[in-house]
Each structure stands twice: as structure tokens, then as C-alpha cells.
Amino acid sequence: MRQLQPTRGYQSSVEPILHFGLGDKPVDSLQIIWPDGLIQTLVQVEANQTLTLSYQDATSVPIASKATSIPLFEEITEQVNLPFHHKESDFDDFDREFLLPHKLSDFGPALVVADVNGDGLDDFFVGGASGQSGALFLQSASGSFTQKRNQPWRQHNASEAADAIFFDADNDQDMDLLVVNGSNEYAASDESLQDHLYLNDGSGNFRWAEQALPPMRSFGTCATAGDFDGDGDQDVFVGGYVIPGKYPAADRSYLLENSQGTFREVPDTWLPDLKQNELVTDAQWIKVETSELPALAVVGAWMTPTLFVNDGSSLRPTDHPDSKASGWWFSITTADWNQDGADDLVLGNIGLNYRYSASPQSPFELYADDFDANGSTDLLFGYYQNGKLYSVEERDRMYQLLPAVKMKFTDYDSYAQAALTEIVGF
């Protein structure tokens with residue numbers, strides 16, 4: 001299949017010829033599909049020739065379509081009365097750290113579903129960006145939703161809700177709400193990064209449990225609840241991402257033990273290999289065949305997905321079967337798909353439509369150090385081409401970071417041919 005699109009921009013085009021390499025063998029048919037859907041079909045087309053095609057020879061016969069599929073989903077937003085619109089705050093991450101790979105200030109909005117008023121219908125909470133309050137919507141028997149007003153998270157609208165979970169925090173058989181706050185737009189340890197626990201009275205009315213959580217002013221990205229100590233109540237793991245303004249330095253993650261609805265951070269001996277070493281983006285407590293206690297599955301940026309097995313006194317990482325699985329992981333979900341009694345995992349990476357690409361043979365690399373000795377961390381990203389590591393940054397941007405580059409490489413060609421190690425000198 002080839003597509004002819006000669007227009008390539010202002011006063012620019014390409015040659016209006018499509019070339020198919022066939023060797024000496026003919027093809028049984030050649031189908032031309034014109035932009036308006038008319039088609040033209042040639043049969044037994046010999047190789048080694050140039051064909052001139054004319055729109056006038058096309059017919060009105062429609063293109064053979066695939067069997068019509070029935071959509072799995074239907075748009076019903078207006079029918080169920082959902083007026084909420086997420087309003088992302090206006091913050092330029094690159095003004096503070098101009099060599100970031102992508103924005104770090106828009107991890108939300110948090111979205112979580114549960115029956116919060118005991119009527120058997122799913123309700124949901126959606127978090128707001130900085131300056132916008134979250135909202136709780138209760139479902140009616142007709143399927144429409146009504147926003148629950150005058151709830152305590154309104155007083156925390158300066159925070160940005162990156163994630164949230166419904167779970168029974170105080171063991172009273174209803175769904176309480178933990179909101180995890182995080183964004184790159186705050187200063188490190190800012191009060192707006194503090195997470196919040198809201199307790200449910202069983203009817204969908206919440207109150208802020210102000211003393212229930214320890215100080216947790218880190219860039220949070222995720223939370224998951226599970227009884228890791230086996231005492232019958234729900235404990236919590238909260239994942240931390242980067243220290244705001246200091247990419248890629250990792251912010252704190254927290255393992256919290258539940259004591260009658262009040263949570264305390266457990267000693268570092270429980271999770272010594274994670275708390276301040278990884279850029280965590282998602283986590284799940286999961287059932288494993290080897291233990292009655294849940295294990296902790298964690299994914300993150302620049303890390304290999306890791307399973308921390310629970311031995312009753314600590315969570316220790318297991319050896320990953322593929323050490324080359326390091327990536328920019330963003331999500332993890334669990335279910336027992338093969339029905340063997342243990343949880344299976346599906347992981348979400350950054351995706352193939354990202355502007356950079358990577359493979360085990362040609363990884364995407366990051367070097368972070370104070371290369372110009374000015375007291376701040378500099379970021380250098382590199383990609384491989386034909387086995388050689390190049391900088392992703394063009395010369396003009398690089399010498400904003402390292403002024404010596406302009407003197408060392410006096411033209412664009414010499415800079416383009418230089419390996420990253422030649423540019424930086426390490």
C-alpha cells in the first residue's frame with residue numbers, strides 16, 4: 001500500500017510517482033482508491049512499467065467494507081448528568097527545568113469508583129487540579145448522577161489530586177476516601193503535597209480525618225490498600241515520584257500501618273529497597289501462591305517492574321526474569337485471569353507514540369549530574385544510532401545548559417557528528 005500526497009507544505013511538494021518493487025513478477029490486481037472513495041482496479045499488471053492513472057476511469061463502486069461491528073460503548077454523558085470538567089492549572093514545567101523529557105505537573109485527575117452510601121449503586125470521586133476542588137457524584141436508580149455538595153475536600157483545593165482510593169480505613173464496613181496529592185508545580189515538601197484521608201459516615205457524608213495520616217509532603221502518584229501485616233485491617237502503600245524541581249531525584253514513598261483508622265509509617269526495615277530510591281507511578285497489593293500475606297507489585301519510571309514478597313517482617317524484591325524490562329512504566333492492574341487463585345498483572349508503559357524510542361539493543365539513557373559545576377543538577381538524554389550514543393538536544397539548547405559546548409563545537413555539523421560522551425567529556 002502506498003499513499004500519494006504531493007503537497008508537503010508551503011511551496012513544497014514531492015514527485016507524483018508511487019514506486020512498487022515487484023521484481024519480474026506481475027500482480028493479479030492493482031487497486032487505486034481516490035480521495036473521495038471512488039476506486040479503479042487493474043488486473044494482471046505486468047512489472048517493469050510506468051502506469052498513468054486517470055480519475056475519470058474510476059467507478060462509483062464502494063470499497064468492500066468489513067462486517068459492521070457493534071460498538072462496545074455508547075456516549076451517555078449528557079443523559080446521566082455529569083457536568084464536571086477538569087481544569088488543569090497553567091504551569092510550565094520547562095520554565096524551571098527546560099530539559100525535562102515531558103511535563104510532570106498533570107498526573108491527574110484522580111478517578112475512583114465505589115458504593116459510598118450503601119444503596120448498591122456505583123458512585124465515583126474525581127479529583128481536581130491545583131485550584132479546583134474534587135467532586136463526589138452519587139448514582140440514582142435511574143442511572144443519573146448528583147454531585148454531593150459541602151464535602152471536606154473543598155478546603156484542600158490548592159492541592160492537585162494525582163490518585164485516590166476508596167477503602168475501609170476505620171473498619172466500620174463503609175468506603176472511606178484517601179486522596180494522594182502530587183504535582184511538579186509545587187516546591188519540595190510544600191503543604192499542598194500532603195495527602196488527605198476522609199472518613200465516611202456510611203451515607204456518603206465525609207469528614208477530614210486530620211490526624212489520621214503522618215506528614216506526607218511528597219510528590220505522590222498512587223495508593224493501594226491491603227492488609228500487609230495480617231491483622232485484619234487495611235494498610236496502605238503510597239508511591240512517591242520525583243522531588244519537585246529536581247528531576248530525576250526520587251521523592252518519598254510511604255508504607256503505612258493501620259491502627260484503628262490512624263496510620264503510622266512503619267520502620268524502614270519493612271521496605272528498605274524502595275522508599276526513596278525509585279520514581280514510583282503505580283502499585284498494587286496482590287495475592288501470590290507462596291504466601292497468605294499480600295505482595296506489593298510496583299512500577300515506575302526508569303525502573304524494572306518489581307514484586308516485593310512479604311515474609312511477615314519485610315517486603316523484599318524478587319529477581320525479575322527479564323532484567324531488560326526497565327522502562328517508563330505508568331500503570332498496573334491485577335486480576336486472576338487464569339483462575340488459579342493468584343493475581344495476574346497487566347502493565348502499562350509510556351507507549352510507542354512517544355517522541356523517543358528504545359529497545360534492549362538501543363536503550364534511551366539519562367545522565368544527571370552537575371556538569372557545569374554551578375550547584376544544580378543538569379539532565380542529558382541520549383539515544384543510540386548505529387551503536388553510537390548521541391544527545392537528543394540540539395546545539396542551541398545544549399549550550400544554554402553547558403556554555404562550553406558553543407566554544408567546543410563551532411558549527412552544527414561537528415556537534416551533530418559528536419557522541420554524547422564527546423560533548424560532555426565523561
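1. Ser314 touches Thr269, Trp270 and Val309, leaving aside residues up to four places away in sequence. The structure under review is a predicted model, and the points below concern two of its residues, Ser314 and Glu97.

2. Ser314 is located in a loop, with β19 (306–310) on one side and β20 (315–317) on the other. The side chain of Ser314 forms a polar contact, at 3.4 Å, with the side chain of Arg316.

3. Is Ser314 buried or exposed? Ser314 is classed as buried because its relative accessibility is 5%, and the term applies under 20%.

4. Glu97 also belongs to a loop, namely the one between α1 (93–96) and β5 (111–114). Its relative accessibility is 9%, and Glu97 therefore counts as buried.

5. Which residues does Glu97 touch, when those up to four places away in sequence are not counted? They are Asn184, Gly245, Lys246 and Tyr247.

6. Two of these neighbours deserve a further remark. With Asn184, Glu97 shares a polar contact between side chains at 3.5 Å. With Lys246, the partner is a backbone atom: the side chain of Glu97 reaches the backbone nitrogen of Lys246, also at 3.5 Å.

7. A final point concerns the position of Glu97 relative to Thr318. In sequence, Glu97 and Thr318 are separated by 221 residues; in space, the C-alpha to C-alpha distance between Glu97 and Thr318 is 35 Å.

Technical notes. Residues numbered from 1 in each chain as written. Predicted model: local features only at pLDDT ≥ 70, side-chain atom pairs only at ≥ 80, totals over all residues. Heavy atoms only, no water. Helix = DSSP H or I, 4+ residues; strand = E, 2+ residues; numbered from the N terminus. Buried < 20%, exposed > 50% of the residue type's maximum accessible area, 1.4 Å probe, protein only. Contact = heavy atoms within 4.5 Å. Polar contact = N/O pair within 3.5 Å; in protein donor to acceptor, adjacent residues only side chain to side chain.
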